[in-house]
Amino acid sequence: MITDVLIIGAGGAGLTAALAAKDAGASVRVLTKEYPTRSQTCMAQGGMNAALGNVSPDSVEEHIQNTLKSAHGQANEEAVRYMCSEAPNAIEWLDEIGVCFSRTPDGKIAQRKLGGASAPRACYAQDYTGLKILHTLYERCLKEDIEIHNERYLLDLLTKEDGSICGALILNIRSGELEHHFAKSVVLASGGYSRIYDKYSTNSTASTGDGIAAAARIGAKLLGMEFVQFHPTGLKNSSILISESARGEGGYLLNSKGERFVNELAPRDEVSRAINEQILAGEEVFLDIRHLGEAFIDENLPQERKLALLYEKVDPVKDLIPIKAVAHYTMGGIEVDNKSQTSVSGLFACGECANHKVHGANRLGGNSLLEIIVFGREAGKSAAHYTFCDDKSKNELNCKKETNFLDKLKSFSNEIDFYEKRSYVGELFYKKVGIIRKESELLEAQKEIQLLKEQLPLMGVKDTSKVYNTNLVEFIEFRNMLDVCEAVVSAALERKESCGAHFVAEG
Amino acid sequence: MKISIKRDFDFIEYNVDMQDATLLEVIETIKTEQDSSLAYSSGCRSSVCGSCSMRVNEKEVLACAYKVQDGDVVEPLKNVEVIRDLVVNMDKALATKKRAKTWLQTYNKEAKLTHEDEKTNALQSDCILCGSCYSACPVYAVNEAFLGPFALTGVWKYVSDKREAAPEEKIETIQKNGVWDCTLCNECTLVCPQNISSKADIEKLRMRSSMAGYSDPNFAQNFGGGLSF
Ligand SMILES: Cc1cc2nc3c(=O)[nH]c(=O)nc-3n(C[C@H](O)[C@H](O)[C@H](O)COP(=O)(O)OP(=O)(O)OC[C@H]3O[C@@H](n4cnc5c(N)ncnc54)[C@H](O)[C@@H]3O)c2cc1C
Ligand code: SF4
Ligand code: SF4
Ligand code: FES
C-alpha cells in the first residue's frame, strides 16, 4: 500500500508534521527508530519562545531582532519573521491540546528569560518542557489514530528515475527484515547530529544524523553544517547538560583558582570559548551555585542536583560542579525553503535535521522547540499539498533499484573495532573541529575521516543475528556519522572567517 | 565487580572494572568492549526518555539512574514480550493509552488554568512512559486486558484538567478492565522513578466513578455471592 505522506522521525517535529498532514486530508505513516516518546525532544528543559509578554512587555519584533542578531547574518529574515509571528499561535495550539505549561499567579502562561532574549519569552512546563510537549503531541496522534511504526530504521530514501522521492528502505530492527515503505512524499524529521562528538555531547545517543546522511546520498543539498553549538555547562565526565537556568538564576563559573573569568550570561559561543581557553591552559572549570541555597536549588534546579550527584558525585548545595563545554545543537542540516521543501522533489524536512535558515550561525535558547512546532506544521502541510497537486507524485511508482548497504556489509571483514573508532572520532572532532578551529587541524581531521571511510569495509559487525541487532544498527549509524563528519569538516574549511559558533583561529 | 545479565537463554556473568558507575555505563562498556551481541535500549542517559528501564534484583529501575553493586542480577521488564536480552516490546503496553483515551478529548475554551490548577496534575504529566509500573503490576498475571497503572494515571491527568470539557467520557471508558481491576497493592508506586503514584490516581478515579454513579462490579458480585448460599 502506498501512503500519501511518510514521516521519518517521531520527535516534536515529526509528530507535528504528522498531525498537520493528516489534518490536511492526507494518509500518513510515521516511522521511528525508537518510540515516539523516547525522542530527544523529551530532553528539552528550558522552554519554548513566544513573545506573549505575559510577564513583562515584549513584542514579536523584538523576538525577530534577537533571533537575527544571534544568527550572525546567516538567517533568512522572512523565515525568522514567519517563525516568530507564528509563535503565539503555536503556544496557543499546544495549550489547547493539553500541554501543562507553568502558569503565572494570574493564570497566564509563565515565561522565563533565556540567554540572548530581551525579555522573559520562554514558555515552560516546570523542568520538563520538551517532555510535556512531546507526550502531548504523542497523545494527540493516538487520538487522531495516526499510524506509527516503532523501531524501524531508515536505511535509505528511494527515488524514481526522474529523481523525485518514492519512499524509504527500512530495517525492521525487531525482525531484522528489510521493508519498503512507498509514499508520494516523505518528511524527514530525524533530528540533529551532535553525537558525532560522541561523549562530548549532551545529546541522546540517537542523534547520529541518519536522515541528513540519507538525504545527501540522494542529492539533497546540505547547508550550514559547520555551525555546531557548544553548550557551556555539560557535566565534566558524562557531558550531561546542566541547564542554562543554573547561570540564569545566578550561578558563577570558576576556575581551579576560584576566579571568575567570563560574564556568565554572555552568549553560549562566547562562554564556551572562555571555558575552553581555561581548560587548554590547564585549569579545571566549575559551576558554582552553592550561594543559591538548598531550598532554592531543590525548588528550581532539582534535576541539576540529582544529575550532579549521580554522575559527578558532587552535591551542588555544598560542592562545585565540574563542567566543560560540549556539543549541544546542530544548526546545519538539509537545506529547505519556506515550505520545508528540500532540493529533492517530494522530500520535505523539518526540525533539527533541517536548515530553515532561522538559527543561522547560532541558535537562541528556546527557538528550537518553537521551530519544530512551526515548521513541523509547515512541512506536514506542504507534503500533503504536494501529494494532491504535484504531477510527480502521480507518476507511476517506478523506484530506482537501490544499492543496498546491508548487502555490501556482508563482505566486511571486521578487523577494526568501530566502537573504538567512534570514540576516536568524537575525540578528534572535539579537539580539531570543535569550539575553536584552525585550518591545519581541520585538514588533519578531514584526512582522518577520509581514511576511516576507506577503512569501513575492514570494520563491520560482530553480532550476526537477525533479531534486534543493535551492533548492526550502531554500525550503520557510524557510517552515517562519518558522512556527516565529512560534510561538517568541509563546510568548516570553506568558511574562512569566524562566524557565530564557527570560530576560526590562526594556525 | 561481577554482574549477571539475563540473556536469551540464561544468565551470563560479566566482570567489569568500574567504580561508582551507573548500570547503563556498565552495560555500554560491556557492549562496546566485551560482548557486542548484548541488546538493550537507551537514549537520554538522564532519566527522561524512559528507554532504559529494566529489573535489578527483581526491582524495576532506570539503568541510567542506578549505581551498580557487585553481584547485581539484571533482567528485562515483566508483563511484556522480551524481544532480545533486555529489550522488550512496548507496543502492547503503550496501546493501553489508546484504549484508555489518555488525551484531551474536548477542549473547554472557557477554562482558565491558574497556578494552583497547574499543580493538580503536574506530577502525573511527569510520566516518562518507562513502563516500570506496568512491569511491577501483579494484575497482568490474571488479566491481560487491564488498562494498567500508567494509562490510568494518564486518564487522571486529563480528568483533573479543567481544560477537558467531557471528563465523564473518560470515566466511562475506564470502568471495564480499569479502575476496579486494580488491587491497590501499591507496587507501581514503589518502582516509579518519577514518584508518581498510580495507585493514588486510581483511587481518585474510583471516587470520581462512584460520584458518577458507577460501582465496583467485583463488590456487587461478591456481595451477591455471599447472600446466595
Ligand atoms: C539536553 C537538551 C536540552 C535542550 N533544551 C532545549 C530547550 O530548552 N529549548 C529548545 O528550544 N530546545 C532545546 N533543545 C533542543 C531541542 O530539544 C531539539 O533540537 C529538538 O527537540 C529536536 O526535535 P526533532 O523533532 O527535530 O528531533 P528529535 O526529537 O531528536 O527526534 C528525532 C526522531 O527521529 C528518529 N530517527 C532518527 N534517525 C532515524 C532513522 N535512521 N530511522 C528512523 N527514525 C529515526 C528518532 O527516533 C526520533 O524519533 C535541547 C536539546 C538537548 C539535547
Ligand atoms: S496498585 Fe493497582 S495498578 Fe498499581 S501495581 Fe497494584 S494493582 Fe497494579
Ligand atoms: S507512571 Fe512512573 S513507572 Fe509508570 S511509566 Fe510513568 S514514569 Fe514509568
Ligand atoms: S536512558 Fe533515558 S531514561 Fe535512561
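**Asking how we know**

Modeller: Let me start with ligand 2: its shell divides into 9 nonpolar, 2 polar and 2 charged residues. Please keep in mind that this is a predicted model.

Colleague: Which residues are closest to ligand 2?

Modeller: The shell has 13 residues, and the closest are Cys137(B), Cys182(B), Cys185(B), Asn186(B) and Cys188(B). Two elements of chain B, α7 (187-191) and α8 (198-211), give two or more residues each to this shell.

Colleague: What makes a cysteine such as Cys137(B) count as nonpolar?

Modeller: Cys belongs to the nonpolar class here, and Cys137(B) is one of the closest residues to ligand 2. Cys137(B) is therefore placed in the nonpolar class.

Colleague: Which residues surround ligand 3?

Modeller: Ligand 3 has Cys127(B), Ile128(B), Leu129(B), Cys130(B), Gly131(B), Ser132(B), Cys133(B), Phe150(B), Cys192(B), Pro193(B) and Gln194(B) around it. By class they are 8 nonpolar and 3 polar, with no charged residue.

Colleague: Phe150(B) is on that list. Why is its aromatic pair with Tyr134(B) called tilted?

Modeller: A pair of aromatic rings is described by the distance of the centres and the angle of the planes. For Tyr134(B) and Phe150(B), the centres are 5.9 Å apart and the planes make an angle of 35°. Rings pair if their centres lie within 6.5 Å, so 5.9 Å qualifies. Stacked needs under 30 degrees and edge-to-face over 60, so 35° leaves tilted.

Colleague: What parts of the chain does the pair link?

Modeller: Tyr134(B) belongs to helix α4 (residues 132-136) and Phe150(B) to helix α5 (residues 149-159), both of chain B. The two are 16 residues apart, and the pair links distant parts of the chain. Both residues are buried. Over all chains, the structure holds 15 aromatic pairs.

Colleague: How many helices and strands does chain B have?

Modeller: Chain B has 9 helices and 7 strands. Its C-alpha atoms fill a box of roughly 60 × 55 × 25 Å along the principal axes, and 57% of its 229 residues count as buried.

Colleague: Over to chain A. Which residues form one aromatic cluster?

Modeller: Phe405(A), Phe412(A), Phe418(A), Tyr419(A), Phe475(A) and Phe478(A) form it.

Colleague: How do you know that Arg479(A) lies over the face of Phe405(A)?

Modeller: Arg479(A) is placed 4.0 Å from the ring centre of Phe405(A). The limit is 6 Å, so the distance passes. Likewise, Lys421(A) lies over the face of Tyr424(A), at 5.6 Å from the ring centre.

Colleague: Which residues come nearest to ligand 1?

Modeller: Of the 37 residues around ligand 1, they are Glu34(A), Thr41(A), Glu352(A), Ser368(A) and Leu369(A). The largest share of this shell, 4 residues, comes from α10(A). The shell has 12 nonpolar, 19 polar and 6 charged residues.

Colleague: What makes the approach of Leu154(A) to ligand 1 a polar contact?

Modeller: A backbone N or O atom of Leu154(A) lies 2.8 Å from a nitrogen atom of ligand 1. The cut-off for such a pair is 3.5 Å, so 2.8 Å makes it a polar contact. Gly47(A) also has a backbone N or O atom 2.9 Å from a nitrogen atom of ligand 1, and a polar backbone atom of Ala13(A) is 3.0 Å from a ligand 1 oxygen. The protein covers 97% of the 1,000 Å² of accessible area that ligand 1 has on its own.

Colleague: Why does Glu179(A) count as buried?

Modeller: Its relative accessibility is 18%, and buried means under 20%, so Glu179(A) counts as buried. Glu179(A) sits in strand β9 (residues 178-188) of chain A. Its side chain makes polar contacts with the side chains of Arg152(A), at 3.1 Å, and Asn172(A), at 3.0 Å.

Colleague: And why does Ser59(A) count as partly exposed?

Modeller: Ser59(A) has 25% relative accessibility, which falls between the 20% and 50% limits, so it is partly exposed. Ser59(A) lies in the loop between β3 (48-49) and α2 (60-70) of chain A. In space, Ser59(A) and Ala119(A) are 8.9 Å apart, C-alpha to C-alpha, though 60 residues apart in sequence.

Colleague: Is His328(A) buried or exposed?

Modeller: With a relative accessible area of 14%, against a limit of 20%, His328(A) is buried. His328(A) lies in strand β14 of chain A.

Key
Residues are numbered from 1 along each chain as its sequence is written. Chains are lettered from A and ligands numbered from 1 in the order in which they are written. This is a predicted model: local features need pLDDT of at least 70, side-chain atom pairs count only at pLDDT 80 or more; totals for chains, interfaces and linings use all residues. Side-chain values use heavy atoms; hydrogens and water are left out. Rings of Phe, Tyr and Trp (its six-membered ring) pair if their centres lie within 6.5 Å; planes under 30 degrees apart count as stacked, over 60 as edge-to-face and the rest as tilted. Buried means under 20% relative accessible area, exposed over 50%, partly exposed in between (1.4 Å probe, protein chains only). A charge sits over a ring if NZ of Lys or CZ of Arg is within 6 Å of the ring centre and within 35 degrees of the ring normal. A residue is near a molecule or strand if one of its heavy atoms lies within 4 Å of it. A polar contact is a pair of N or O atoms within 3.5 Å; within protein, one must be able to donate a hydrogen and the other to accept it, and residues adjacent in sequence count only if both atoms are side-chain atoms. Accessible areas come from the Shrake-Rupley method with a 1.4 Å probe; for residues, only the protein chains shown count as cover.
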